[in-house]
Structure formats: C-alpha cells, structure tokens
Amino acid sequence: MKALRRDLAVDPTQRDRFLREGRALNRVSHKNIVAIEDVGETEDGLVYIVMEYLKGRSLHDLLEHAPLSARRIVRLAQQVTAALASAHA
C-alpha cells in the first residue's frame, strides 16, 4: 500500500497528481509492472493506492550481497525498458 502523506494530501495539486498516478498505473497491464488493486481516499482524507503484493528481493538487496553479472544487468534492463515501453504506450 502506498499512501500520500497527510500534509501533502491537503494540497489539491499533490492529491490529484497522486490519484492520477494510481489510475494511470491501473490501466497498464504488463508482467513487469505491479498491478493496482485499488485507488481512493478514506473519509478522513487518507489518499492511497493498493498494489498487488510481490514476494521477493529488492534490487537494493541484490546489490548489497554481490555485484550483478553483466548478463543479469542486461536482463534487468530489458525488463525495465519493456515495462516503460508498455506504460508509455
């Protein structure tokens, strides 16, 4: 779950930008982009995006344990660029 800080949620520009981000991501379907389950606002003003849970390690964790091989870096870059191309399409 991703939530907009309450001090930012009172700013209509920040609030609207956050909600647009969630709705835009909800329209993208790609195996390398996390699925959005819900986007909304609670009665008390909490603005949120609920995403699918992905079990695994972060890139930070991978890099912390050992350097990545050139082959692994290329595979990761291909996945990222494919996801970006899908999002921009």
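The following legends describe an overview and several close-up views of one predicted protein model.

Residues are numbered from 1 along each chain as its sequence is written. Because the model is predicted, local features need pLDDT of at least 70 and side-chain atom pairs count only at pLDDT 80 or more, whereas totals for chains, interfaces and linings use all residues; side-chain values use heavy atoms, with hydrogens and water left out.

**Figure 1. Overview of the protein, with its 4 helices and 3 strands.** The order of elements from the N terminus is β-α-α-β-β-α-α. Helices (H or I, at least four residues) and strands (E, at least two) are DSSP runs, numbered from the N terminus. The radius of gyration is 16 Å, well over the 12 Å that the globule rule gives for 89 residues, so the protein is more spread out than a compact globule. This radius is taken over C-alpha atoms, and the globule rule is 2.2 Å times the number of residues to the power 0.38. Along the principal axes, the C-alpha atoms fill a box of roughly 50 × 30 × 20 Å. Buried residues (under 20% relative accessible area; exposed is over 50%, partly exposed in between; 1.4 Å probe, protein chains only) account for 17% of the 89 residues. About 6900 Å² is exposed, 54% of it supplied by carbon and sulfur atoms; accessible areas come from the Shrake-Rupley method with a 1.4 Å probe, and for residues only the protein chains shown count as cover. Of the contacts (heavy atoms within 4.5 Å) between residues at least 6 apart in sequence, 44% join residues at least 24 apart.

**Figure 2. Helix α2 and its buried face.** Helix α2 comprises the 15 residues 12-26; at 1.5 Å a residue these should span 21 Å, and the end C-alpha atoms are 21 Å apart, which agrees. The expected span is 1.5 Å times one less than the number of residues. The buried residues of α2 are F18, L19 and G22. Seen down the axis of α2, they fall within an arc of 90°, so they line one face of the helix; the arc is that of the directions from the helix axis to the C-beta atoms. An α-helix has 3.6 residues a turn, so residues three or four places apart point the same way. The buried residues of α2 pack against β1 (2-3), β2 (36-41) and β3 (47-51). P12 and R20 are exposed on the other side of α2. At the start of α2, a side-chain oxygen of D11 comes to within 3.0 Å of the backbone nitrogen of T13.

**Figure 3. Surroundings of R15 in helix α2.** R15 counts as partly exposed, at 24% relative accessibility. The side chain of R15 forms a polar contact with the side chain of E41 (2.5 Å). A polar contact is a pair of N or O atoms within 3.5 Å; within protein, one must be able to donate a hydrogen and the other to accept it, and residues adjacent in sequence count only if both atoms are side-chain atoms. Beyond four places in sequence, R15 is in contact with L4, L8, A9, E41 and V47. R15 and R5 are 10 residues apart along the chain, and their C-alpha atoms are separated by 9.6 Å.

**Figure 4. Surroundings of G40 in strand β2.** G40 counts as buried, at 11% relative accessibility. Not counting residues up to four places away in sequence, G40 touches L19, L46, V47 and Y48. The C-alpha atoms of G40 and A3 are separated by 9.8 Å, with the two residues 37 apart along the chain.

**Figure 5. Surroundings of I49 in strand β3.** I49 is buried, with a relative accessible area of 1%. Leaving aside neighbours within four places in sequence, the contacts of I49 include F18 and G22, both of which are among the buried residues of α2. Other contacts of I49 are M1, K2, E21, I36, D38 and V39. I49 and L25 lie 24 residues apart in sequence and 9.9 Å apart in space, C-alpha to C-alpha.
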